[in-house]
Amino acid sequence: MKTRISLLILFCALALGSAHAQSDRVTAFVGATVLPMDSDRMLTEHTVLVQGNRIIALGVDLEVPEGATVIDGTGKYLMPGLAEMHGHVPRPDEPAQYTEDVLFLYVANGITTVRGMLGAPGQLELRARANNSEIIAPTLYLAGPSFSGGSVDSPEQAVAKVHEQKAEGWNLLKVHPGLSRSEFDAMARTAHEVGMRFGGHVPADVGLMHALDMGLETFDHVDGYVQYLWASDEPEEVALAEAIRRTKEEGAWVVPTMALWEAINGTIDIEDLRAYEELKYMPPNVVASWFDRVNRQLNNPNFDRAGALRLIETRMRVLSALSREGVRILMGTDAPQLFSVPGFSLHRELVRMVDAGMSPYDILVSGTRNVGEYFANEDLFGTIAPGSRADLLLVTGNPIEDVEHLRELAGVMVRGNWISRADLDTRLESIADSHRQAN
């Protein structure tokens with residue numbers, strides 16, 4: 001326990017110190033192959049200079065300022081940090097240490113931006129602490145408490161809730177199932193009027209096409225597409241082509257969360273779930289609740305495994321077609337959820353994106369440049385360029401050849417704060433050890 005406390009003090013000191021001292025500090029990544037992610041290209045033997053939380057220069061023969069921290073990138077690949085575009089942040093009523101551990105797990109896997117998709121009162125203070133580098137955490141963009149059948153019971157209440165969340169300072173509105181069409185429309189019209197973004201699920205009463213008409217910005221979990229295909233009188237390929245045409249026409253984004261949906265629908269064998277090594281980074285009671293949920297589902301006499309597999313196969317065809325036809329994809333896993341451990345769930349999602357036919361480069365784009373374009377009016381990041389936020393990954397293997405190389409992080413920089421592989425491993429072991437002791 002003393003070791004755990006000492007490590008936490010050390011990491012907090014590093015975070016707090018960097019928050020106050022980073023404005024003039026220069027870090028130089030020297031000799032790396034840079035993947036700028038502005039196009040499918042690699043810049044060999046480059047130097048990238050960071051000052052404070054911004055990239056200030058990159059080039060072949062850049063002079064490294066005296067006193068700069070030099071990080072040797074020889075033989076390694078430098079790329080922008082990744083994003084979790086459907087993530088969750090623990091509620092303020094959950095243990096503070098659990099919250100900080102969850103945020104660290106994202107960073108330890110190269111996720112430097114999280115769009116939190118279910119807000120709770122008090123989280124805006126956490127957002128400020130994270131984004132000011134008072135704790136080691138991704139940059140947070142947070143949706144407010146969701147609009148759902150349980151939280152909204154009239155169009156008037158939907159309107160009031162939009163104004164309330166706008167005034168409170170949330171980044172976007174989260175849509176959950178259960179809204180009536182009139183409630184959804186009232187929310188959407190008011191959101192457009194006050195300049196609030198909104199995304200998430202497609203309520204059954206609304207449907208894919210009407211959600212597109214009303215400007216739902218992100219379709220999380222590929223929500224609405226399978227339902228639209230299965231309700232259509234047209235052959236699947238015809239209905240899907242129309243859905244894709246309308247999605248592109250409206251400029252909407254899709255957040256797949258493919259791996260989680262397999263766990264939710266019971267198509268992953270429980271022994272395979274039990275073998276997930278990353279479960280050691282989650283509290284034992286949380287992991288136990290996950291297994292309990294899966295066991296109850298699999299033992300339910302009404303469980304339809306064939307129907308679940310049909311759903312997953314259709315979702316894969318949808319993602320394949322969306323990506324192939326140029327719909328903008330945003331990387332997301334819905335962590336922490338059922339067997340979706342923050343950060344580590346990314347690597348399971350990458351496998352499913354590859355299986356859907358996405359190229360490694362397109363997958364990387366979904367977690368870097370596309371995310372920067374989505375947030376273009378709020379900050380500049382997602383590519384390696386002067387002025388961009390200094391969220392960087394130093395990777396030992398080329399992730400454009402194989403996204404599995406994203407597991408091989410030599411270190412992570414988040415908002416200009418560098419965390420080496422050794423420091424990542426020390427904190428990860430501390431988290432795992434605390435959970436072993438709790439068992």
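Me: What makes Arg274 count as lying over the face of Phe291?

Reply: Arg274 is 4.6 Å from the ring centre of Phe291. A charge sits over a ring if NZ of Lys or CZ of Arg is within 6 Å of the ring centre and within 35 degrees of the ring normal, so Arg274 at 4.6 Å meets the distance limit. The charged end of Lys161 likewise sits over the ring of Phe147, 5.5 Å from its centre. This is a predicted model, in which local features need pLDDT of at least 70 and side-chain atom pairs pLDDT 80 or more, while totals for chains, interfaces and linings use all residues. Residues are numbered from 1 along each chain as its sequence is written, and side-chain values use heavy atoms, without hydrogens or water.

Me: How many aromatic pairs does the structure hold, and why is the pair of Phe184 and Phe198 called edge-to-face?

Reply: There are twelve aromatic pairs. In the pair of Phe184 and Phe198 the centres are 6.3 Å apart and the planes stand at 80°. Rings of Phe, Tyr and Trp (its six-membered ring) pair if their centres lie within 6.5 Å, and planes over 60 degrees apart count as edge-to-face (under 30 stacked, the rest tilted), so both values fit. Phe184 belongs to helix α5 (residues 181–194) and Phe198 to strand β10 (residues 197–200), 14 residues apart. Both are buried (under 20% relative accessible area).

Me: Why is the pair of Tyr374 and Phe375 described as it is, and are the two residues buried or exposed?

Reply: The ring centres of Tyr374 and Phe375 are 4.7 Å apart and the planes are at 85°, so this pair is edge-to-face. Tyr374 has a relative accessible area of 4% and is buried; Phe375, at 1%, is buried too. Tyr374 and Phe375 form one aromatic cluster with Tyr141, Trp253 and Phe381.

Me: How do helices α4 and α5 pack, and what makes their contact?

Reply: Helix α4 (residues 155–168) and α5 pack at about 30°, with axes 8 Å apart, and the crossing is right-handed (the near helix turned clockwise from the far one by less than a right angle). Contact means heavy atoms within 4.5 Å; among the residues making it are Val159 and Val162 of α4 and Met187 and Ala191 of α5. By class, eight are nonpolar, three polar and two charged.

Me: Which residues join helices α2 and α16, and at what angle do the axes cross?

Reply: The axes of α2 (residues 96–108) and α16 (residues 421–438) come within 11 Å and cross at roughly 140°. The contact includes Phe104 and Leu105 of α2 and Leu424 and Leu428 of α16.

Notes:
Helix = DSSP H or I, 4+ residues; strand = E, 2+ residues; numbered from the N terminus. Buried < 20%, exposed > 50% of the residue type's maximum accessible area, 1.4 Å probe, protein only. Axes fitted to C-alpha atoms, helices over the stretch in contact; angles between N-to-C directions. Nonpolar A, V, L, I, M, F, W, Y, C, P; charged D, E, K, R; others polar.
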